[in-house]
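Student: I am new to this structure, and I would like a close look at a single part of it. Could you take me through one strand and its surroundings, and then set that beside the rest of the chain?

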Amino acid sequence: MNLDLLHIFIMSSDTLDKIYDVFLSFNDDAKRSFTGNLYNALRHKKIKTYFLDKNDDSDEDYDQLSPSDLKAIQGSKISIVVLSQYYASSSRCTDELGIILECMRMKNQLVWPILYKADISNVRPEEDGADQVRTYFNMKPKFSSDSDERVQRRKQALWEVSNLNRRLYRGTDDECEYDFIQNIVESVVKSLPHYDIFISFTGEDTRHSFTGVLYHALHREGFKIFMDDEELEGGNQISKTLLESIEKSRLSIVVFSENYAYSSWCLDELDKIIECMKTNNQLVLPIFYKVEPLDVSNQTNSYGHAMIAHENRFGKESEKVQKWRSTLSEIGFLEGEHVKENEYEFEFIKKIVQKAIDIEQNM
């Protein structure tokens with residue numbers, strides 16, 4: 001895969017095939033020992049982890065990144081880079097690393113380097129080892145055509161990752177690999193979302209009907225859900241706790257009902273949800289409950305009346321109101337579900353629950 005396509009993959013708004021919690025970047029010298037043990041420990045905690053397990057009989061070129069590899073990196077919340085002795089000798093690893101660091105800069109992805117039984121000189125191309133990457137590539141015929149620019153880009157990635165805060169495992173007699181791995185797993189758990197689903201809705205329309213039933217249906221399936229139980233009066237500012245709950249959810253379900261846009265609280269929630277979709281790879285499922293999707297995105301009918309009411313309150317040129325309008329307009333680009341007037345709600349809710357299960361299984 002040509003790395004010049006990197007920005008296309010990262011900036012694409014297309015839905016990712018899968019969203020992972022952790023992407024593991026490693027070379028073969030750490031695969032069947034440390035990285036394999038780390039992978040199993042993460043999976044034991046039900047942490048969705050991308051682990052490229054090459055089949056020795058496969059015809060695929062292991063040294064080339066596939067589109068699914070790129071999507072896995074982009075769709076992960078944390079990338080753990082296992083810097084083993086021969087990590088820098090792999091063109092796949094160093095190309096992979098460049099993409100990981102780009103995601104760190106552009107999508108706020110966490111990057112955790114682990115120096116595993118290696119010296120920093122094995123990773124950082126400097127002083128006597130300054131040309132180690134170039135020398136290795138030139139020794140291999142299939143790397144000989146690599147441009148100076150591409151080799152320099154790999155060197156820059158190695159230099160950059162070597163300067164990040166990193167964990168060190170030397171493998172000495174006084175170190176326990178099991179404890180080291182458990183500490184990493186604990187750190188991952190603390191850094192990942194606290195909720196499976198965040199539900200945004202207006203209480204006066206659906207708290208004791210559709211949204212309440214949906215909440216209990218999702219809860220019965222084992223989902224951890226954040227649904228605000230406070231009856232909020234107009235004018236209250238969205239709390240820091242609620243914003244953090246949105247940030248720490250995997251999926252946000254937004255129930256657009258007739259009076260949703262009248263609530264400044266709901267609109268602030270929606271702003272944060274869309275922000276997390278763009279920066280944290282959060283998934284968003286809009287539900288249009290007895291309202292038309294075009295009324296939401298075009299701000300017509302009750303949504304148009306609501307925005308006029310906000311303009312009268314905050315001013316027509318209010319930055320806040322303009323942002324709300326822009327956010328509502330973006331909803332039209334998302335795939336959602338539409339509850340129609342004569343549809344049985346229990347059947348619709350079953351469909352939403354199944355969709356949440358499918359999303360969870362495909363993450």
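Tutor: What follows starts from one strand, β3, and then moves outward to another sheet and to the nonpolar cores. Please keep in mind throughout that this is a predicted model.

Strand β3 covers residues 76-83, and because 8 of its 8 residues are buried, the strand is largely enclosed by the rest of the structure. Among its neighbours is strand β1, residues 20-25, which pairs with β3 in the parallel sense over 5 bridges; within this pairing, L24 has I80 of β3 as its bridge partner. Strand β4, residues 110-116, also runs parallel to β3, and 6 bridges join the two, with L83 matched to L115 in β4. To get from β3 to β4 the chain passes through helix α4, residues 91-107, and the β-α-β crossover made in this way is right-handed. In general, strands of a sheet pair through backbone hydrogen bonds, and the pairing can be parallel or antiparallel.

C93 has a relative accessible area of 0%, so this cysteine counts as buried. C276 is likewise classed as buried, because its relative accessibility is 1%. A search of the whole structure finds 0 disulfides.

Further along the chain there is an open sheet of 5 strands, paired in parallel and ordered β7-β6-β8-β9-β10. Its edges are β7 (225-226) and β10 (337-339), and because each of them has a single partner strand, one side of each is left without a neighbour in the sheet. The partner at the β10 end is β9, residues 283-289, which pairs with β10 in the parallel sense over 3 bridges, and here F288 finds its bridge partner in H338.

The largest nonpolar core has 27 residues, of which F256, L270, V296, Y303 and L328 touch the most other members. Two or more residues come from each of α10 (240-247), β8 (249-256), α11 (264-279), β9, α13 (302-314) and α14 (319-330), and α11 gives the most, with 7 residues. Taking F256 as an example, and leaving aside its neighbours within four places in sequence, its contacts include L270, V296, Y303 and L328, as well as P286, I287, F288 and Y289. A second, separate core has 24 residues, including F23, L70, A72 and V81. With V81 we are back at the strand where we began, since β3 spans residues 76-83.

Notes:
Residues are numbered from 1 along each chain as its sequence is written. This is a predicted model: local features need pLDDT of at least 70, side-chain atom pairs count only at pLDDT 80 or more; totals for chains, interfaces and linings use all residues. Side-chain values use heavy atoms; hydrogens and water are left out. Buried means under 20% relative accessible area, exposed over 50%, partly exposed in between (1.4 Å probe, protein chains only). Helices (H or I, at least four residues) and strands (E, at least two) are DSSP runs, numbered from the N terminus. Two strands pair if DSSP finds at least two bridges between them. A crossover is right-handed if, with the strands pointing away from the viewer, the path from the first strand over the helix to the second runs clockwise. A disulfide is a pair of cysteine sulfur atoms within 2.5 Å. A nonpolar core is a set of buried Ala, Val, Leu, Ile, Met, Phe, Trp, Tyr and Cys residues joined through side-chain atoms within 4.5 Å. Contact means heavy atoms within 4.5 Å.
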